[in-house]
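I opened my notebook for a first look around this structure. Here is what I looked up, entry by entry.

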Amino acid sequence: MMEKESRRLVNCATLPICLVLIGLVYATFFHSNDTILESWGNLCSEKINIDAVDPQEFLLRRLVRGDDRVQLDSNGFSCRADIHTQVCVANKPVRIYNKGLTVYVPSDSDQPQVKRIVKPYARLEDETAMKRVSPVQILHGNNTTDPPACNFSHNVTAVVFSSKGFTGNVFHEFNEVIIPLFITTRHFRSRVRFVITDFELWWVQKYNRCLSHLSAYEVINPGTDDGSVHCFPGAVIGLTYHDNLALNSTDIPGGYSMFDFKQFLKESYNLKINHVSEIQKPMLMLISRRKTRRFLNEDKMVEMIMELGFQITRVEPEWMYNLDEFAEVVNSCSVMLGAHGAGLTNEIFLPTGAVMVQVVPLQNEWVATTYYGGPAKEMGVRYLEYKIEPEESSLFDTYGKDHPVFTDPKSIISKGYYAFRSVYLDQDLKINLERFKKTLIEAKQIVESSTPIN
């Protein structure tokens, strides 16, 4: 009698009662920022079977909208693609066959089997990146032959993505993998298991803290055993992408923002400093480059920085490989200073109220603002930029002031990315110290007057 009573159907006779019951179910399964009405409105029909609610199915459903959600509801499988990424969602039991990276998705109907190829990396628009990403074959529907038998059965959702593409560059590692992974999986509350194609052990080790805070399970490397089959109750193939180092909170299950992502990083890397005002004496991190966009008078810059009252830590690219330690160093800094480049991605670890100063080489204005300047505001970081004059570029001595590099840059840029890179990304910089001093003084004033906002 008690068991029957616990499984009774609850009649939503009135809207208030319905909302209360929905809230209780919601609180039982998840904690999120989504409104109850938005997430559960479709469940409030005349009767709700509380025990019938499948938390995994609900969480997968939140990854899709509109026609994609209708398709997922009707046949348990949905795919969408945009200029940046492809994402397929299955809320049915799937089998992932390591050999050939094949995902089998069944169908309730007599639908014949359809093959779909997905490259699970969020840089579809870039041919060079995607050449490095292995395709995943998805077979959806019923075939005359049964799919291979399960060797390993799991009780959580699989999330399939690649660790190749442009990894090796910290901007792309965050932009195309770590942030999209957070967007796609945070609302699962670690109840997912990562299947990482193009498995790169160094990358997994570098980002182990992020991965272990998004999933409570060991990652699966499908390249280690060509013959095994892993079975899951559902799957996501590919990762959701929004923009450069960006999260669109209105389009994320749970409504997460860049603030939430930074909080996630603080927890993952055990970062202690919340606001720049907690740093007693202003600390400036100078990112020192050794190949391109080098500061040719870096030693003189360091002297001036110290004369202005900053403590200084000078870091080189190899420092950034051990993210467990480097994140903590960045978090202890008031100001980050560097020429345009991937190292500036580490602004994401700066405390709120800190300043990022980007030195912008000639013809790098758009990429500087798009990749680092714009995202800084959402990170709670103040952004300053120092645009160099032609005389501060090594190009001035190489080509002379009357060369098209200066007089007609469009003629260079129109030849394509590689022509642009060989000229404007490969320049070095000799900073006008007196002119640059004004930017540093402004940065110091900002951090010294910054106060936390409740």
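I began with a rule I would need straight away: a polar contact is a pair of N or O atoms within 3.5 Å, where, within protein, one atom must be able to donate a hydrogen and the other to accept it. I also noted that this is a predicted model.

**Entry: Ser-277**

I used that rule on Ser-277 and found a polar contact of 2.9 Å between its side chain and that of His-275. I placed Ser-277 in the loop between α10 and β14 (283-287). With a relative accessible area of 33%, Ser-277 is partly exposed. I then left aside the neighbours within four places in sequence, and found Ser-277 in contact with Ser-450 and Pro-452. I also checked Thr-352: 75 residues separate it from Ser-277 in sequence, while the two C-alpha atoms are 8.9 Å apart in space.

**Entry: α7 and α10**

Next I asked myself at what angle helix α7 and helix α10 pack. I read an angle of about 95° between α7 (residues 170-185) and α10 (residues 258-269), with the axes 11 Å apart. Angles of 65 to 115 degrees count as roughly perpendicular, and α7 and α10 are therefore roughly perpendicular to each other. On the α7 side, I listed Phe-174, Ile-178, Ile-179 and Phe-182 as making the contact; on the α10 side, Met-258, Asp-260, Phe-261, Phe-264 and Leu-265. Sorted by class, this contact of α7 with α10 holds eight nonpolar residues, one charged and no polar ones.

**Entry: aromatic rings**

I counted 18 aromatic pairs. I looked at Phe-171 and Tyr-371, whose ring centres are 5.0 Å apart with the planes at 40°, so this pair is tilted. The pair links distant parts of the chain, since Phe-171 belongs to helix α7 and Tyr-371 to helix α13 (residues 365-378), 200 residues apart. Is Phe-171 buried or exposed? I found 3% relative accessibility, so Phe-171 counts as buried.

My second pair was Tyr-417 with Tyr-418, which is edge-to-face, at 5.3 Å centre to centre and 75° between the planes. Tyr-417 is partly exposed at 48%, whereas Tyr-418 counts as exposed at 53%. I also wrote down one aromatic cluster, formed by Phe-161, Phe-174, Phe-194, Trp-203, Tyr-207, Tyr-269 and Phe-349. I recognised Phe-174 from the contact of α7 with α10.

**Entry: Thr-370**

I went back to helix α13, where Thr-370 sits. Thr-370 is partly exposed, with a relative accessible area of 23%. I found a polar atom of the Thr-370 side chain 2.8 Å from the backbone oxygen of Trp-366. Beyond its neighbours within four places in sequence, Thr-370 is in contact with Asn-244 and Pro-375. For Thr-370 and Asn-244, I noted 126 residues of separation in sequence and 7.3 Å from C-alpha to C-alpha.

**Entry: Ser-394 and α17**

I found Ser-394 in helix α14 (residues 394-399). What does the side chain of Ser-394 reach at 2.8 Å? I traced it to the backbone nitrogen of Asp-428. Outside the neighbours within four places in sequence, Gln-427 and Asp-428 are the contacts of Ser-394. Buried means under 20% relative accessible area, so Ser-394, at 19%, counts as buried.

My last stop was helix α17 (residues 417-425), where I listed Ala-419, Phe-420, Val-423, Tyr-424 and Leu-425 as the buried residues. I saw that the buried residues of α17 pack against α14, α15 (404-407) and α16 (409-413).

Conventions: Residues numbered from 1 in each chain as written. Predicted model: local features only at pLDDT ≥ 70, side-chain atom pairs only at ≥ 80, totals over all residues. Heavy atoms only, no water. Axes fitted to C-alpha atoms, helices over the stretch in contact; angles between N-to-C directions. Helix = DSSP H or I, 4+ residues; strand = E, 2+ residues; numbered from the N terminus. Parallel < 35°, antiparallel > 145°, perpendicular 65-115°, else oblique. Contact = heavy atoms within 4.5 Å. Nonpolar A, V, L, I, M, F, W, Y, C, P; charged D, E, K, R; others polar. Phe/Tyr/Trp six-rings, centres within 6.5 Å; stacked < 30°, edge-to-face > 60°. Buried < 20%, exposed > 50% of the residue type's maximum accessible area, 1.4 Å probe, protein only.
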